[in-house]
Amino acid sequence: MTRHLLVFSSLAITAGLLMTPALAEGKTAWRLFVADQADPVIRALDAKTGEVLDTFKMKAPASLSRSESGRLVFANERDAGQFSVISSGISVDDHGDHGDLKVEKPTLLNLNFAGKKPSHFVDHHGQIALFFDGDGAVKIVKESDVLGERADAREVKVASPHHGVAVAFGEKVLVSEPHPTEPVKELPIGVRIAGANNKVSGELYDCPDLHGEAASGSIVAIACKSGLLLVKSANDELEINHLDYSKSLPEGKSSTLVGGKGLQYFLGNYGPQAVVLIDPTAEDAFRLIELPARRVHFAVDSVRPRFAYIFTEDGQLHQLDVITGKIEKSLQLTEPYSMDGHWNLPRPRIAVAGDDIILTDPLKSRLQVIDAARFEKSRDIPVEGTPYNVVAIGGSGEIHE
């Protein structure tokens, strides 16, 4: 535990020093992109005023993912068999001691990426891997090409359709390996590497019941029944190691991961009523945090790297200090959202927009806005329909409109 504190504390100080100039200068703009749970609609809102900037009609209800830069929002319209793409209209050109913030109108781009059962989206340093479960195929596109509305995609085919994932590392692509006898019913058994020829070959890196991926710092983590695969890229080669679950953990596994920003760590689910903090560099890498009720959603804070947030089915939002490994504050926000029933029922989701934490409240047709510094609710933003999935995009700098 002491080593955790020392590592995280030093990283927190470094992160704070690096972030201070960018946050102190110029203006700030944040936008929210909100997908409806029932209707094929995505709304772009001004995070400060709640003004609806645009409403995009889609072919099917969508789940949303943002590119690392925040310049793109990918909408997974699974029932329509495609990813559509929205230009967020916000970009920050980094100049070291400051950034130039450019704010334009959000736009639904005139391109999409089609395939059977689109699933995982992974952006790794501007290379975006889109996995299609029903095709057993990966389409890899560059963010710069998508911004130019060029749909040329590199395609990697795997052995058979399955619920998989891929991560692009330059010419190499890490691709999940389907179960050998029940690829559709069972989760993948590991990963292999596809090279420049787009052929999957070579060594199988075991990862039973593979599900869940995230990046933090220089490490990509993939969740397995047995622990995590940790992947680093060095000198055009991939270094892949297995991190076993700690023997002190109860029986269980992670299947959803998020990666820390500013601090290198991972946060994963672990059973229905706990999360696990993972420091991949520590001897005792796993810390279990029990929750007062079943977990609904969790997210990390990129502005305040020390904190992550967890929403539980009793209607509470919890502030987790990732350095101490303790829930420091809890806030009652909604009526209960039971985790019983279908996985796709409308339940709250969390996003962080600068100084605000955003919580969708789909049954009340609103977004709840929490002041992150005070950890107190500040206001509501009414949203038509059933606001469900949300991503926040923004930044600070000398503003250009």
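In the predicted model, Lys139 is positioned over the face of Phe132, at 5.4 Å from the ring centre.

Aromatic contacts were then examined, and 7 aromatic pairs were counted. One of these is formed by Tyr245 and Tyr270, whose rings adopt an edge-to-face arrangement with a centre-to-centre distance of 5.7 Å and an angle of 80° between the planes. Tyr245 is located in the loop between strand 21 (237-244) and strand 22 (257-259), and Tyr270 in the loop between strand 23 (266-269) and strand 24 (274-278); the pair therefore ties together parts that are 25 residues apart in sequence. Tyr245 and Tyr270 are both buried.

A stacked pair is formed by Tyr309 and Phe375, with 6.2 Å between the ring centres and 15° between the planes. This pair links distant parts of the chain, 66 residues apart: Tyr309 belongs to strand 27 (residues 307-312), whereas Phe375 lies in the loop between strand 32 (366-371) and strand 33 (376-382). Tyr309 is buried, as is Phe375. Ring pairs also join Phe74, Phe113 and Phe121 into a cluster.

Phe113 recurs in the description of strand pairing, as the bridge partner, in strand 9, of Phe83. Strand 9 and strand 6 (residues 82-87) run antiparallel and are joined by 5 bridges. Both strands belong to an open sheet of 4 strands, which has the order 4-5-6-9 and antiparallel pairing. The edges of this sheet are occupied by strand 4 (63-66) and strand 9 (107-114); each has a single partner strand, so one side of each is left without a neighbour in the sheet. From one strand to the next, the twist averages 25°.

Terms used:
Residues numbered from 1 in each chain as written. Predicted model: local features only at pLDDT ≥ 70, side-chain atom pairs only at ≥ 80, totals over all residues. Heavy atoms only, no water. Phe/Tyr/Trp six-rings, centres within 6.5 Å; stacked < 30°, edge-to-face > 60°. Helix = DSSP H or I, 4+ residues; strand = E, 2+ residues; numbered from the N terminus. Buried < 20%, exposed > 50% of the residue type's maximum accessible area, 1.4 Å probe, protein only. Lys NZ or Arg CZ within 6 Å of the ring centre and 35° of its normal. Pairing = 2+ DSSP bridges. Axes fitted to C-alpha atoms, helices over the stretch in contact; angles between N-to-C directions.
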